[in-house]
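Trainee: Please pick one part of this structure and take me through it up close. I'm new to this one, so explain your terms as you go.

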Amino acid sequence: MGPLAKRFLDRAIKRGTLIFETVDGQRSVFGDGTGEPYVIKFHDDKVAVDIFKNPHLRFAELYMDGRWSLVEGDLTKLFIFLFNEQRKNGLVAGWRGIFQHVMRRVHQRNNARMARQNASHHYDVGNDIYALFLDEDWQYSCAYFADSDASLEEAQLAKKRHIASKLMLEDDHRVLDIGCGWGGMGLYLADNTGADVTGITLSDEQASRANARAAGRPDVRFKIEDYRAVNETFDRLVSVGMFEHVGVGYFDEYFAACRRLMKDDGVMLLHSIGRTGPPGYTAPFI
């Protein structure tokens, strides 16, 4: 490990015990020696350099690539230790953090072409992987755990009920679901309120499965379409877990498009995942 990396870690790791072991067995210890030790073993000579070029991205990627391993300590606790507890000690502060905050509009550039590419990269990897961890209705995010003992299926159903109630839907309403996923929300709204639902996504795999579930129903359809390209108006707009993909440089454009898509007496429900602190940037691996 080079001297620059050591100085950085000396400033960043003020508590706990973090140990890096190189290929030849040399160890570098950081922290105050308290708590559970975490021992990271490097498996080639270039790992440290690759990590510190972009730690937020490369640290996790290089673990996936098998270029470092945790030989002592718990992996989940290690990531909590690094990315939560050590945040206050400077691990993501300083010039790098300021630079990333300033550059977030560049990093989150998401015009129509890039949005399509990003959605395909994320979702068009085959539905088998999503079947491993989604609920039976293939809801992707924002489950509503009103009861801590609720199952994932129960929490996702509670979310759909909660959203349907807030939308105050009537059977003659037309609904646009922006970022419709695999179709579960649109189908639920149509089944339980009688509304006519159009869902849009930029993922081929999502649209294909959603339309297969709709099976040619006249009251529900799913399209591959960017929200900026929709030219109809609707009584209700709903979007769950999609706003996170819009990008900070496109917020005005997004809400302007939503206003254009709504009838004068329309209602929009935006369900999004945010942060409790001041505006910042999202770690690229996440």
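**A close look at the β7-β8 loop**

Mentor: Let's start with two side chains, Asp226 and Arg228, which a polar contact of 2.8 Å joins. By polar contact I mean N or O atoms within 3.5 Å of each other; within protein, one must be able to donate a hydrogen and the other to accept it, and residues adjacent in sequence count only if both atoms are side-chain atoms. Keep in mind that this is a predicted model: local features need pLDDT of at least 70 and side-chain atom pairs count only at pLDDT 80 or more, while totals for chains, interfaces and linings use all residues. Residues are numbered from 1 along each chain as its sequence is written, and side-chain values use heavy atoms, with hydrogens and water left out.

So where are we? Asp226 is found in the loop between β7 and β8. Those labels are DSSP runs numbered from the N terminus, with helices (H or I) of at least four residues and strands (E) of at least two. Asp226 counts as buried because its relative accessibility is 9%; buried means under 20% relative accessible area, exposed over 50%, and partly exposed in between, using a 1.4 Å probe and protein chains only. Skipping neighbours within four places in sequence, Asp226 is in contact with Ala112, Ala115, Ile200 and Leu202, where contact means heavy atoms within 4.5 Å.

The loop also takes part in ring pairing. There are 19 aromatic pairs in the structure. To pair, rings of Phe, Tyr and Trp (its six-membered ring) need centres within 6.5 Å; planes under 30 degrees apart are stacked, over 60 edge-to-face, and the rest tilted. For a warm-up, take Phe20 and Phe42: their ring centres are 5.4 Å apart with planes at 40°, so this pair is tilted. Phe20 sits in strand β1 (residues 17-21) and Phe42 in strand β3 (residues 37-42), so their pairing ties together parts 22 residues apart in sequence. Both Phe20 and Phe42 are buried. Back to our loop: Tyr227 and Tyr254 have ring centres 5.0 Å apart and planes at 75°, so they make an edge-to-face pair. Since Tyr227 lies in the loop between β7 (220-224) and β8 (234-240), and Tyr254 in helix α12 (residues 251-261), the pair ties together parts that are 27 residues apart in sequence. Tyr227 and Tyr254 are both buried.

Now for the strands on either side of the loop. The largest nonpolar core has 21 residues, and the members touching the most others are Ile163, Leu167, Val175, Leu189, Phe222 and Val238. β7 and β8 each give two or more residues to this core, as do α9 (152-167), α10 (184-193) and α11 (204-214). The biggest giver is α10, with five residues. Look at Val238: beyond its neighbours within four places in sequence, its contacts include Ile163, Leu167, Val175 and Leu269. A nonpolar core, by the way, is a set of buried Ala, Val, Leu, Ile, Met, Phe, Trp, Tyr and Cys residues joined through side-chain atoms within 4.5 Å. In soluble globular proteins, nonpolar side chains tend to be buried together.

Next comes helix α11, home to Ser208 and Asn211. Ser208 counts as partly exposed because its relative accessibility is 48%, and Asn211 is partly exposed too, at 31%. From Ser208 to Ile224 the distance is 9.4 Å, C-alpha to C-alpha, with their positions 16 residues apart in sequence. Leaving out neighbours within four places, Asn211 is in contact with Gly216, Arg221 and Phe222.

A last stop is Arg209, whose charged end sits over the ring of Trp138, 3.9 Å from its centre. Sitting over a ring means that NZ of Lys or CZ of Arg is within 6 Å of the ring centre and within 35 degrees of the ring normal. Trp138 also belongs to one aromatic cluster with Tyr123, Tyr130, Phe133, Tyr140 and Trp182.

To place all this in the whole chain: there are 12 helices and nine strands, and 43% of the 286 residues count as buried. Among contacts with a separation of 6 or more, 58% come from residues 24 or more positions apart.
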